[in-house]
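Hi everyone, thanks for making time. I'd like to walk you through one structure today, so have a look at it first and then we'll go through it piece by piece.

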Amino acid sequence: MAKGLSLFAKRRQRVRTALRAKGGLRPRLSIHRSGRHIYAQVIDDTAGHTVAAASSLDKDVRDQTGATCDAAASVGRRVAERASQAGVTKVVFDRGGFLFHGRVKALAEAAREAGLEF
């Protein structure tokens, strides 16, 4: 790890290193959480493009408050549905530097319930 990095940056590097060690055979479900919204993408790194994406800024989800676990769960269900429509059922979960807690956990559990395997 590089010297002088923040705790978040160190955690993000550790998660990405673990994902690379798995070989990159599956697309990854990448999460970004801001103070007001949450975003999820299923990314195929071998082809270099996004397969499916959803966020709390989508029209159907925008009515809910963006920074709640309920909104994160609806984003998780939405990205899982879009990924399955694109033919992706197995992914690797990339939580970035975020702890698996709260909104990130709600999104992951909803995506699992909607049919994504990780």
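Let me start with a word I'll use a lot: when I say contact, I mean heavy atoms within 4.5 Å. Now the small print. This is a predicted model, where local features need pLDDT of at least 70 and side-chain atom pairs count only at pLDDT 80 or more, while totals for chains, interfaces and linings use all residues. Residues are numbered from 1 along each chain as its sequence is written, and side-chain values use heavy atoms, with hydrogens and water left out.

Helices (H or I, at least four residues) and strands (E, at least two) are DSSP runs, numbered from the N terminus. Two strands count as paired if DSSP finds at least two bridges between them.

So, the sheet. It's an open one with four strands in the order S3-S2-S1-S4, and the pairing is mixed. At the edges sit S3 (49–55) and S4 (92–94), each pairing on one side only. From one strand to the next, the twist averages 20°; for angles, axes are lines fitted to C-alpha atoms, for helices over the stretch in contact, and the values run from 0 to 180 degrees between N-to-C directions.

Let's go pair by pair. S1 (residues 28–33) and S2 (residues 38–44) are antiparallel, with six bridges, and they make a hairpin with four residues in between. If you want to find the register, Leu29 has Val42 as its bridge partner in S2, and His32 sits opposite Tyr39 in S2. S2 and S3 are antiparallel too, over six bridges. They form a hairpin with four residues between them, and Gly48 in that turn has a positive phi of about 80°. Val42 turns up again here, opposite Ala52 in S3. S1 and S4, on the other hand, run parallel, joined by three bridges, with Arg28 opposite Val92 in S4.

How much of S2 is buried? Five of its seven residues are, so S2 is largely enclosed by the rest of the structure. Buried here means under 20% relative accessible area, exposed over 50%, and partly exposed in between (1.4 Å probe, protein chains only).

Now the helices. H2 (residues 69–85) packs on the sheet, touching S1, S2 and S3, and its direction makes about 150° with that of S3. H3 (residues 103–113) lies across S1, S2 and S4, at about 150° to S1. The buried residues of H3, Val104 and Leu107 among them, pack against S1, S2, H2 and S4. After H3 comes Gly115, with a positive phi near 120°.

And how do H2 and H3 meet each other? They pack at an angle of about 35°, with their axes 7 Å apart. Residues on the H2 side include Ala72, Ala73 and Val75, meeting residues of H3 that include Ala106 and Ala110.

Last stop, the core: buried Ala, Val, Leu, Ile, Met, Phe, Trp, Tyr and Cys residues joined through side-chain atoms within 4.5 Å. The largest nonpolar core has 24 residues, and Leu29, Ile31 and Val42 touch the most other members. S1, S2, S3, H2 and H3 are the elements that give two or more residues to this core, and H2 gives the most, with six. Leaving aside neighbours within four places in sequence, Ile31 has contacts including Ile38, Phe93, Val104 and Leu107.
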